[in-house]
Amino acid sequence: MELLPTIWFIAIAVLWTGYLFLEGFDLGVGMLMRLFARNNTERRVLLNTVGPVWDGNEVWLLTAGGATFAAFPLWYASLFSALYLPLLVVLVALIFRAVAFEYRGKVDTDQWRARWDWAIALGSFFAAFGVGAALALTTTGLPLNANGDREGGPLAWFSGYAVLGGLAVVGFSLVHALAFLALKTDGEVRHRARRWFVRLLPVLLLPIAGWTLSIQVLDGKLWTWALVLLAVAAAAAAWNLARRAAEGKAFLALGAFLVLGTSSIFGAVFPVVLPSTLNSAFDLTISNASSSDYTLGLMSVVAAFGLPLVIAYQAWTYWVFRRRVSAAHIPETHSFLPAIAAKAFTTKG
Amino acid sequence: MDALEIARWQFGITTVYHFMMVPLTIGLGLVVAVIQTAWHRTGNPAYLRMTKFWGKLFLINFIMGVATGIVQEFQFGMAWSEYSRFVGDVFGAPLALEALLAFFVESTFLGLWIFGWKQLKPAIHLACLWIAVIGSVFSAYFIIVANSWMQHPVGVEMVDGRPVMTDAWAVFTNNTALVAVPHTLFGALAVAGGFLLGIAWYHLWRRRHDGVDTVGADGKVIAGEAADIPGRDRDDHKVWLRSLRIGAVVAMISFAGTAITGDLQGKLMFEQQPMKMAAAEAACHDGTGFSVLSVGNLGSQSCDDIVALIEVPGILSYLAKGDFTTEVQGVNSLLPQYQEAYGTHLPDNPIYGERAGQEIDYLPVMEVTYWGFRMMIGFGGLAALAALVALWLTRKGTVPESPWLMRLAVFGILAPFGANAAGWIFTEMGRQPFVVAPNPDPNGIDQVFMFTAAAVSPGVTAGELLASLVALTSVYALLLVVEVKLLVRYIRGGVVSAMPELVHAPVDENEDATPGPGGSGNAKPADDVLAFAY
């Protein structure tokens, strides 16, 4: 057993889990902009629950990607090049979503807001779906040759698992966002979020349960099956707690579901990081895809100090913005004053 | 075009675009942090207005840098998988550390700064901005460490055909990086300086044009107030005059900084990548002279077609070695050396695709390197000169009435952007045909280099790359229009566009007044409206 590659396998599992936990709810809130919110004020309530934190959440994705590059360059190279088109969709989705968060409120017309609302909603949906598809495929495999390159053309990655994984992250993000909104808002939005959560949880968690179970059937070990049972219990607890209006506990229980679920998945596939569906001799594993011990050691030292620090100051951010947001908190739209004339470039003299 | 060429265009376009946003983020971030510090220490309301106004523009731009940065990290794996496999052991670490140690800091603390005007104590709120800005500087450092390793690989040895990191200290203190980091940071500050100068000039001009400010018999400004427009008072004049002066001084200092660090960088580059510098000079023959103007067909890539029309003797030697007499090797002497060291033909290896076995052209595209080098210096120098003239013209407290000067100041904002882009295009194109340039130091590492032709993803089709090139370029073009429109809108609106409190008097609301730098004096801040809301 190689110690450092194992540590980095765990570290990357932690980074992906952190990403899904944190960005999960802001992706879900993004999708709910059009599905759930009924008017502009409600949309602004939704936006402001994630406003201070979404960008920091997204960095978990960059760190997961960067850490994969540094610790398992062959995994990074094969996965990202094989999934060229789906990742392009993720990139475009993330670009529009990020810009939309910042620009939506910058011009005071309904048309402007509606366009960016769609950018947020669709951007969140496609980002969640694409990330989910990529994660599912790295667990179930891609048609890779001996060099780790995709065979079979631009769509060779496509399989039922891609769809299942995509829906898994979309479904989870929506449930997670409803739990988050019930916890972070007040008034009508809070109550509706809780109602929707209770109603929709059993349906929306089906795809992620399907992905988890498929992996267990394929590669499961006794201990990862045990984690699955615990995950199911956590989901049931989340549902029950939400029914009893214990919003904070319901949110944490759902978080526990995610952590247990992803642990069971990563645990089951270990030590393979990306199987080849053409020939298992071409599988990428923690041994044949990893960087040198020197590089992994260096990264371990930095991460051992850096990652807890990140968690600490991000936790502090959530503490600073711990208040619930409600319609009453939303300030009037700042009607933009084109005060100082608009004709500078056409005025003569 | 084949996959390699499309992938190169894509990397070039997305990187130059990303690096339009990044220098403004770094430079303007530093300036806003200094201004907010001034407000914190003096309580002068003009500084608060400057913080809010420039901070607003900073954020409109910042988000574009964030959005386009993700593409950068992903496309190494997507389009350049062979490159990623080859360099991953050493190149991945600075990228991962950038995300972990810098970008997390930047985005988290900037979120705190944007939304925390009331939730945080003023000193902590200010500290959040400083932490975010320092994060962006570290971000630049890590990315440049990664890039510098491509320019000048150090700290590795070859194991099974791949470079493996053996000395992290050497990688993270690569001399190429140590001069490139300050060069880049000064370049970023130059962008911010020009930005402040141009926009502040516009507003001072506007105030004169509208008759708000007048000029007395001694030529000195008499600042006035426009009663009908909120925020257009005497403080507003201070905001713009101070911004203009800060911008001009920053622009001049940063040009000096880029010149000094650029000179150091050039001297290193003559040793580390002599062909790049020879191509920058279109210098075919050995010599000491710096070409002020070379004519002929640079694009023919043939030395027979190039005539140096005006040459200043000795200057090239100075740029390379610091004296005026050392002969600097030209393209004609360097080519055989490169061919001997790195081969005349690409190996017959499938990773080169159709290019396997082709002859290697060690001469970068001279049209690009020659003019890129000159545009970098030219735009940078022009901006600094303009800043000096601007300080002189505004010595009596306002700008001349000429609308042409105002237009010049506004369009001059583009000059430092142009210098940044030209510099990067020069250094990246000048490294070709290598993606990882060889380290020629006799004591340096041997045989660690990679031809760009070997770097592209073998499994990815030209069609996929074309799809992404078209998609990303269109999205970027669309968003550039949106960003510039928004910036123009907020710039024209002036300070009030970033400070609703100047329009809506706080007494109208049930809650208390806006907090000063002394702290949120509200009894119940928890019931207040959000300090900042999307």
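## A tour from Glu281 of chain B to the helices of chain A

Begin by selecting E281(B), which touches S291(B) and L316(B) once residues up to four places away in sequence are left out of account. The model on display is predicted. Show the secondary structure around the selection: E281(B) belongs to helix 8 of chain B, which covers residues 274-281.

Is E281(B) buried or exposed? The residue is buried, because 27 other C-beta atoms lie within 10 Å, and the cut-off for that class is 20 or more. Next, add V503(B) to the selection and draw the C-alpha to C-alpha distance from E281(B). The two residues are separated by 222 residues in sequence and by 56 Å in space.

Now widen the selection to the whole of chain B. A cartoon representation will display 15 helices and 8 strands. The radius of gyration of chain B is 26 Å, close to the 24 Å that the globule rule gives for 534 residues, so the chain is as compact as a globular protein of that length. Along its principal axes, the C-alpha trace of chain B spans about 80 × 55 × 40 Å. If the chain is coloured by burial, buried residues make up 52% of its 534 residues. A contact map of chain B offers another view: of the contacts with a separation of 6 or more, 74% are between residues 24 or more positions apart.

Display chain A together with chain B and select the residues at their contact. Chain A contributes 75 residues and chain B contributes 73 residues. Which elements of chain A give two or more residues to the side that touches chain B? They are helix 2, helix 3 (54-71), helix 4 (73-82), helix 5 (84-103) and helix 12 (293-320) of chain A. Colouring this side of chain A by residue class gives 46 nonpolar, 21 polar and 8 charged residues.

For the last stop, keep helix 2 of chain A (residues 40-50) and add helix 1 of chain A (residues 3-35); the two pack at an angle of about 170°, with their axes 10 Å apart. That angle makes helix 1 of chain A roughly antiparallel to helix 2 of chain A, because angles over 145 degrees fall in that class. Viewed along the line between them, helix 1 of chain A passes helix 2 of chain A in a left-handed crossing. Show side chains to see where the helices meet: D26(A), V29(A), L32(A) and M33(A) come from helix 1 of chain A, while R43(A), L46(A), T49(A) and V50(A) come from helix 2 of chain A. By class, this contact between helix 1 and helix 2 of chain A has 5 nonpolar, 1 polar and 2 charged residues.

Technical notes
Residues numbered from 1 in each chain as written. Chains lettered and ligands numbered in written order. Predicted model: local features only at pLDDT ≥ 70, side-chain atom pairs only at ≥ 80, totals over all residues. Axes fitted to C-alpha atoms, helices over the stretch in contact; angles between N-to-C directions. Helix = DSSP H or I, 4+ residues; strand = E, 2+ residues; numbered from the N terminus. Parallel < 35°, antiparallel > 145°, perpendicular 65-115°, else oblique. Left-handed = near helix turned anticlockwise from the far one by under 90°. Contact = placed C-beta atoms within 7 Å. Nonpolar A, V, L, I, M, F, W, Y, C, P; charged D, E, K, R; others polar. Rg over C-alpha atoms; globule rule 2.2 N^0.38 Å. Buried ≥ 20, exposed ≤ 12 C-beta atoms within 10 Å, placed from the backbone.
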